[in-house]
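The following exercises concern the structure shown below. Each task is followed by a solution that proceeds step by step.

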Amino acid sequence: MSPIFPKCGNSHKVFFLMRLDELASIVDAELVGDGATEIHAVATLERAKEGELSFLGNPKYAKQLETTHASAVIVATKVAADHKPLLKSKDPYLSLCKAIVALHGYRKHPFKGVHPQAYVDPTATVGEGTVIYPGAFVGPGAKVGKDCVIYASAAIYDGCVVGDRVIIHANTTIGADGFGYASSGGVHHKIPQIGNVVVEDDVEIGAGTTIARGALESTVIGKGTKIDGQVMIGHGVKVGPGCVLVAQVGIAGSTTLGKYVTMAGQVGVAGHLDIGDMVTVGAQSGIMFDVEPNQTIVGSPAMPAQQARRVYSWFTKLPEIAERLKALEEQMSELAESGDTPLA
Amino acid sequence: MSPIFPKCGNSHKVFFLMRLDELASIVDAELVGDGATEIHAVATLERAKEGELSFLGNPKYAKQLETTHASAVIVATKVAADHKPLLKSKDPYLSLCKAIVALHGYRKHPFKGVHPQAYVDPTATVGEGTVIYPGAFVGPGAKVGKDCVIYASAAIYDGCVVGDRVIIHANTTIGADGFGYASSGGVHHKIPQIGNVVVEDDVEIGAGTTIARGALESTVIGKGTKIDGQVMIGHGVKVGPGCVLVAQVGIAGSTTLGKYVTMAGQVGVAGHLDIGDMVTVGAQSGIMFDVEPNQTIVGSPAMPAQQARRVYSWFTKLPEIAERLKALEEQMSELAESGDTPLA
Amino acid sequence: MSPIFPKCGNSHKVFFLMRLDELASIVDAELVGDGATEIHAVATLERAKEGELSFLGNPKYAKQLETTHASAVIVATKVAADHKPLLKSKDPYLSLCKAIVALHGYRKHPFKGVHPQAYVDPTATVGEGTVIYPGAFVGPGAKVGKDCVIYASAAIYDGCVVGDRVIIHANTTIGADGFGYASSGGVHHKIPQIGNVVVEDDVEIGAGTTIARGALESTVIGKGTKIDGQVMIGHGVKVGPGCVLVAQVGIAGSTTLGKYVTMAGQVGVAGHLDIGDMVTVGAQSGIMFDVEPNQTIVGSPAMPAQQARRVYSWFTKLPEIAERLKALEEQMSELAESGDTPLA
């Protein structure tokens, strides 16, 4: 295993050369084929070249196994192919992840610690191994844990607490004031937002996202939760551990998400709601009521997925419903006019 | 009234110790109970401890009055409780606001004026008492008024005008070019956006929001209007005074909002529309037509709230409508087949 | 043609004085009236003063031709007006664009090259004529072409490639990690995102937008495409040339857009889809399936525009449908009860 060459797209990274049998062990897969095959990178089936490892995730692309130039392919245990070395895995996506980590690794940062073009307040604390990019801001009394990465122009307001191994991408804001006013006599009086944001360990937050600080308490992002870019989390929201919030989701103030809640893109959630553990929400849904654990809900307004499938199916056929209704009305009217029924 | 101790979450702030009778006068409430009770902070009913003041906003939480450890509670005039000092207020939310201001105050900034890691163009002007955070940008010819706060990495483009006491949160952009192109021969020719943005006095704009400059005129945000994070305001939009725009709202170019318009989260408004004074819009609504003043509208497409309530109620019951329609058709068909009606 | 005076709103710009016949030639229009008329600026019909050129885009505002104080007006070829010099154009919007460019020009930047408060990694390359604003970030190995403008706090991650004449507005992020995890045993394992973003020539990207880097390949923004603010583009998305994506659009990972695709505001597109050339999508639509070229689609879920018009028309009349259905059921029930039909 030795570094070979930098590569466009990630020119600061060092790549490695590994034997396929070595990789099989690292990615926890069964080797089928020549273990001496040398691999130096991971690529898609379509673009992979010799020396590269690829990945078959979806059975409908199985034909690409025959045409790919990859030197080996990670597949699910049941997949067979006789002309190509395979790494058969019970969890092929996890094996892919491990292979990329082994061959490419995570981003190597161009400096260590706090970059001089960042601002870290003298009263803030930053843990060992944490990298803070130029333009980032860490306010008074804020605490950032160990081995975090705070990318360019990310802003962490005063008093916010960020755990260990947290990644915050560029232009994301943690702890801006919540949207709280007491409106009286035509004036919206600003309520000081004296809470903060607590981001627990192993959270990743995408670029351009906003997480508001609590009015009186903490806004909390639970351990291991992953939040995409352009998301908005209102003040006092509690997001449980292990949640996945896709891009452009918006969650209004004081709502609570249980653990392992998944929300697809552009979902909106009203304030002061309880969303149970393991709930899954379809894209663009609008949630206005509490949701029991383990539900899959879809639609605006959000409904159980099974109901939503039927509702939206009929929705797109509304003109047909209107026509059938009109036809019935005409038939009924003819009956009435015919004079031989009690409707006449 | 004396400073006591810094507190986690806002460690740079100084807190005060006040008597309850003193507070009653400050928050304009009637004191019921021991006026000598000492208060040093505000907290939720659930989390308040001795020495803290809490707040009952929603009657359904009235039971928490019996269990809270708060030393006193702000309540509406009609609420009674005999085992706890109360501050009875005609406008309890405003009283809460005043109590937080009195006991905690607004954010104390860690520096004064323009931070050296900000960029303020030599041709820009910045009023007295204004604080500009690291990473913020104020372009050529821009004017920022007195007592404003421009947070980290907020960007105010050239020629924009910001009034007094305006707050702009981190990573928000004021005056980026509007989205204007003349498309011809397969090329989208950029139209120079020679207007600007005018943000009037007492406006607050959340984090990660974008307000585009006008093509020929000004985009205007009226006095006292409050805009949440992740909002998009297109070029040439005029937002009246006292409006409230919640997170992720998007308003397309040249639309005009009257005064005191309220839009809930994720609302979208098409361009070149007039939205009247005092209009209220429900979350995720899509507005495609002018709206008369004083309306409450909901839905995508937006409808009067009363209509929307009925439409969405039937929407979720579409499968039932389809079944009832099918049953009627079968009955009608039987009638027709029976031969004793003119439909046969 | 000589510089005259700076003007509020764009005080760093120099303006010019031109004769109307000179302008007619520049904007490719037919002059009707006095060619010696002097023009120094462009303004709306409503606000234009003497010495200013205006523009009639929409015939319904034709009456403003009689009241405007503009010294001349750009109009479509067929428009007539006898009391005002006109510039008659076959493409009046393009003529307007040219007139603004001639009289006002594009933004003059207050400095050249890379501002010292920006961060450009020593391994990144920046082309001639490119301006990089304070707070901007260009990561290791990134390439920015010639004559680009990278505004304040825009972040271009490592290894990303930006073509020539590209404009990236403030607080926009190019190349943050895609949202990719291998979830196993309750842990979301981060998949290194080893692709990059390629932004082709002549692209403009609004403020506060996020474009994620590909997992294994490049996320691509095609030549001449224009993207508004607050947009989210997922990892591995390929946007063709000449596309127009309005504010708050979100496109999930691995989806492909053909050329000249237009999406209105707040549209959401699911992942792994193919959207054909020349497709147009209405505001707030939700796309869950592939779309054939040249379609106009609308709605959530998205439908062909013609169908959507009928569906949404009936949607808002759902209470009427329910009432008509109920009336029919009652009539049918009366028939059945009357005993003279086979339903009895």
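**Exercise 1. Compare the expected and actual span of helix α3 (residues 92-103) of chain C, and decide how far the helix is covered.**

Solution. Helices are DSSP runs of H or I with at least four residues and strands are runs of E with at least two, both numbered from the N terminus. The expected span of a helix is 1.5 Å times one less than its number of residues. For the twelve residues of α3(C) this gives 16 Å, and the end C-alpha atoms lie 16 Å apart, so the two values agree.

The model is predicted: local features require pLDDT of at least 70 and side-chain atom pairs pLDDT 80 or more, whereas totals for chains, interfaces and linings use all residues. Residues are numbered from 1 along each chain as its sequence is written, and chains are lettered from A and ligands numbered from 1 in the order in which they are written.

For burial, C-beta atoms are placed from the backbone; a residue with 20 or more other C-beta atoms within 10 Å of its own is buried, one with 12 or fewer is exposed, and one in between is partly exposed. By this criterion nine of the twelve residues of α3(C) are buried, and the helix is mostly covered. Among them are P92(C), L94(C), C97(C), I100(C) and L103(C). Just after the helix, G105(C) adopts a positive phi of about 75 degrees.

**Exercise 2. Determine which operation lays chain A on chain C, and describe the contact between these chains.**

Solution. Superposition is by least squares on the C-alpha atoms of residues with pLDDT of at least 70 in both copies. A turn of 120 degrees with a shift of 0.0 Å along the axis lays chain A on chain C with an RMSD of 0.0 Å. That is the relation of a three-fold axis. The copies use different surfaces, since 15% of the contact residues of chain A recur in chain C.

Contact requires C-beta atoms, placed from the backbone, within 7 Å. On this basis, 62 residues of chain A are in contact with 58 residues of chain C. On the chain A side, the elements giving two or more residues are α3 (92-103), α4 (305-315) and α5 (318-338). The largest share, eight residues, comes from α5(A). Counting Ala, Val, Leu, Ile, Met, Phe, Trp, Tyr, Cys and Pro as nonpolar, Asp, Glu, Lys and Arg as charged, and the others, Gly among them, as polar, this side divides into 31 nonpolar, 24 polar and seven charged residues.

**Exercise 3. Establish the strand order of the open sheet of ten strands in chain A, and identify its edges.**

Solution. Two strands pair if DSSP finds at least two bridges between them. The order is β11-β14-β17-β22-β25-β28-β31-β34-β36-β37 in chain A, with mixed pairing. The edge strands β11 (131-132) and β37 (303-304) of chain A each pair on one side only. At the first of these edges, β11(A) pairs with β14 (residues 149-150) of chain A in the parallel sense over two bridges. I132(A) has I150(A) in β14(A) as its bridge partner.

**Exercise 4. Locate G206(C) and characterise its surroundings.**

Solution. G206(C) lies in the loop between β22 (204-205) and β23 (210-212) of chain C. The residue is buried, because 28 other C-beta atoms lie within 10 Å. Leaving aside neighbours within four places in sequence, its contacts include A176(B), F179(B) and T210(B), as well as H169(C) and I227(C). The C-alpha atoms of G206(C) and V246(C) are separated by 9.4 Å, although these residues are 40 residues apart along the chain.

Key
Two residues are in contact if their C-beta atoms, placed from the backbone, lie within 7 Å.
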